[in-house]
Amino acid sequence: DDATFSPIGVNAVIGTLSSTDSDSPASHTYALVAGAGDTHNELFNIDGTTLRANDGSTLTPNTTYSVRVQSTDSDGGMFAKALSVTALWPSVQIDPSTRGWGPSIIELGGVLATGYQDITNKFLKIVSATSSSGLSWGTPITVVGDGNVGDSLKLFFVEGHPAFVYYDTNLTSLRFVRATNAAGTTWGTPVTIATGRWFNAMVVAGNPAVAYYDGAALKYVRATDATGSAWGTPITLEASGLPAPPEIGFVIADGNPALSYALGSPQDLKYIRAADATGSAWGMSITVVDGADNTGQNNQMTLVSGQPAITYSNLSTGEVNFVRASDATGSAWGAPIAITDTRSNRGHSLAFIEGKPAVAVYSLDGIDLRYHTANDALGQTWGSAIDVDTEGSVGATPFLIENGTHPAIGYYDS
C-alpha cells in the first residue's frame, strides 16, 4: 500500500513490506526494480522487508515520491508494483523533560536555538540544536530559574550575544537578560525594563528596544547602551484603545523603527513609524485597514522586498490577511489579500522564506498547524495550505524561521 512518513535522518524508515500470496506461507524478498513508477527509486533502499529513505533531509516535505518494488517468493514467483510514498514534515520534541510554551528561535553558531518557557517549572530556558536540520537537540539551559517567568518572550542578538526580553509574572514587569558569551551557555543578571505585559523587541540603532503594552497604553523604550544594562524613559505612542492581548509588529522601515498594532472597537490595523533612527520621536499613526472587518488582531510585520508588510486576523472571516506597503517608509499601503484556508484567530507567524513571504498558522479548522507560502516575492497571490502537524491539538504559539533554504517552525503541542 501507499505510505506516509516523517523523513528524519539517514535510512529513515517508511514501513514494512509484505505480500499476499496464494502459495502462502511462502517467504518473500524485496527489491527496487526498473519499470513503471520507478521515478524516485534512487532516493530509497530496502533492508530486508523495510522500505527506507536514503537520507530524509534531502526529501521535500509534503511531496509524494514514486518507487517500484518487486516481491519474489521462495518458489521464484515475482510481482512488481509502483508505490507512492509521501514525505511529511518531520517533527521532534525539543525538550523531552517538559512542555515548552512560546518558542522564539534564532540561528546561533550555525544551528537553530530556541528560547521557551518550561511550563512545568515556569522557568525561562534556551536549547540549541545539535544538527543543522534541527532534528536533534542538546541539553536545555535554564536562563532564569526563579519566579514565574517567560510566558511571553523574545530571543534575539544583542551586541553579538543572545538575549531575552521576557515577562515576569510575579513582578508584572518586562525584564531583559543577556548571555555573557556568544554561545549562550552562561547568562547575566536580569534587569527590569518597565511595567508591562505584551511586547515585541529588536535592536534599534545598535541598542535593544522594546515596544509594549502596559495595560492601558502602547509604549516604546530603548536601552541607553548596546548591551541593555540600562534603559531610557518610555515614550507613549497610543494612550488607550488597544485590545488585550495586543500583538505588536516591529521592523526597521527605511532606517527608522516602525510598529503595527490593532486599535479601537471595532479594531483598525494601525502603523506608526519613528521620525528618527533611535525612536526618540514618532510620527502620526496611519490606518492600514479600517475596522469594518474588525481587523488587526494577531498582527505580524516583516519587510518584503524592502517594504513593510503585515499579516493579521480578519475577525469577521477568521482568515489571515496580508497587506504590503507601497513604499519603504510605510506611508501608503496596498489592498489586503485574504490567505485562503487560514481560519485562525489563535496566532500565526510571518517570515520571508526562500525569497517569498510565508506564514505558519495555528488553525481553528482541526486545531492543527498549517503552512502557507506566497506564489511570488511580493505576496500578491498565495498557494494552498500545507498540513504540517494534524495529530491532536497542536500548533499554538508558532514561530516561523528560515533554516538554510527550508522553513522551520517551533510550536506548542498540547
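This note sets out numbered points on a predicted model of a protein.

1. Overall make-up. The protein is built with 33 strands and 0 helices. The C-alpha trace spans about 85 × 45 × 30 Å along the principal axes. The chain holds 414 residues, of which 48% count as buried. Among the contacts with a separation of 6 or more, 44% are accounted for by residues 24 or more positions apart.

2. Surface and charge. The accessible surface of the protein amounts to about 17100 Å². Carbon and sulfur atoms contribute 49% of that surface. The protein carries 19 positive and 38 negative charges, and the mean positions of the two sets lie 9 Å apart.

3. The sheet S2-S5-S4. Three strands make up an open sheet in the order S2-S5-S4, and their pairing is antiparallel. Strand S2 (10–16) and S4 each have a single partner strand and therefore stand at the edges, with one side of each left without a neighbour in the sheet. Neighbouring strands here are turned by 35° against each other on average, direction ignored. As a general matter, strands of a sheet pair through backbone hydrogen bonds, in either the parallel or the antiparallel sense.

4. The pairing of S2 and S5. S2 is joined to strand S5 (residues 50–55) by 5 bridges, and the two run antiparallel. Within this pair, Thr16 stands opposite Thr50 in S5.

5. Asn45 in the edge strand S4. Asn45 has its place in strand S4, which covers residues 44–47. Is Asn45 buried or exposed? Asn45 has a relative accessible area of 16% and is therefore buried, since the limit for that class is under 20%. Leaving out residues up to four places away in sequence, Asn45 touches Asn11, Leu32, Thr50, Leu51, Arg52, Ala53 and Asn54. Thr50, one of these residues, is also the residue that stands opposite Thr16. As for distance across the model, the C-alpha atoms of Asn45 and Asn375 are separated by 34 Å, with their positions 330 residues apart along the chain.

6. Strands S3, S6 and S7. Strand S3 (residues 28–32) pairs with strand S6 (residues 63–73) in the antiparallel sense, over 5 bridges. Ala31 is placed opposite Gln70 in S6. S6 is also joined to strand S7 (residues 78–87), by 10 bridges and again in antiparallel fashion. In that pairing Ser71 stands opposite Phe79 in S7. S6 and S7 form a hairpin with 4 residues between them. Gly76 lies in the turn of this hairpin and has a positive phi of about 95°.

7. The sheet S16-S17-S18-S19. A further open sheet consists of 4 strands in the order S16-S17-S18-S19, with antiparallel pairing. Its edge strands are strand S16 (199–204) and strand S19 (235–238), each of which pairs on one side only. On average, neighbouring strands of this sheet are turned by 25° against each other, direction ignored. Inside the sheet, strand S17 (residues 207–213) and strand S18 (residues 218–222) run antiparallel and are joined by 5 bridges. Leu218 in S18 is the bridge partner of Tyr213.

8. Gly196 beside this sheet in sequence. Where does Gly196 lie? Gly196 is found in the loop between strand S15 (191–195) and S16. Its relative accessibility is 5%, so Gly196 counts as buried. Apart from neighbours within four places in sequence, Gly196 is in contact with Tyr167, Thr172, Ser173, Leu174, Tyr212, Tyr213 and Asp214. For Tyr213, one of these partners, the C-alpha to C-alpha distance from Gly196 is 5.7 Å, and the two residues are 17 apart in sequence. Tyr213 thus joins two descriptions, being a contact of Gly196 and the bridge partner of Leu218.

9. Gln297 in strand S24. Gln297 belongs to strand S24, which runs over residues 297–304. With a relative accessible area of 12%, Gln297 is buried. Which residues does Gln297 touch, not counting residues up to four places away in sequence? They are Pro243, Pro245, Glu247, Ala262, Gln267, Tyr312, Ser313 and Leu315.

Key. Residues are numbered from 1 along each chain as its sequence is written. This is a predicted model: local features need pLDDT of at least 70, side-chain atom pairs count only at pLDDT 80 or more; totals for chains, interfaces and linings use all residues. Side-chain values use heavy atoms; hydrogens and water are left out. Buried means under 20% relative accessible area, exposed over 50%, partly exposed in between (1.4 Å probe, protein chains only). Contact means heavy atoms within 4.5 Å. Accessible areas come from the Shrake-Rupley method with a 1.4 Å probe; for residues, only the protein chains shown count as cover. Lys and Arg count as positive and Asp and Glu as negative; His and the chain ends are not counted. The place of a charge is taken as NZ of Lys, CZ of Arg, CG of Asp or CD of Glu. Two strands pair if DSSP finds at least two bridges between them. Axes are lines fitted to C-alpha atoms, for helices over the stretch in contact, and angles run from 0 to 180 degrees between N-to-C directions.
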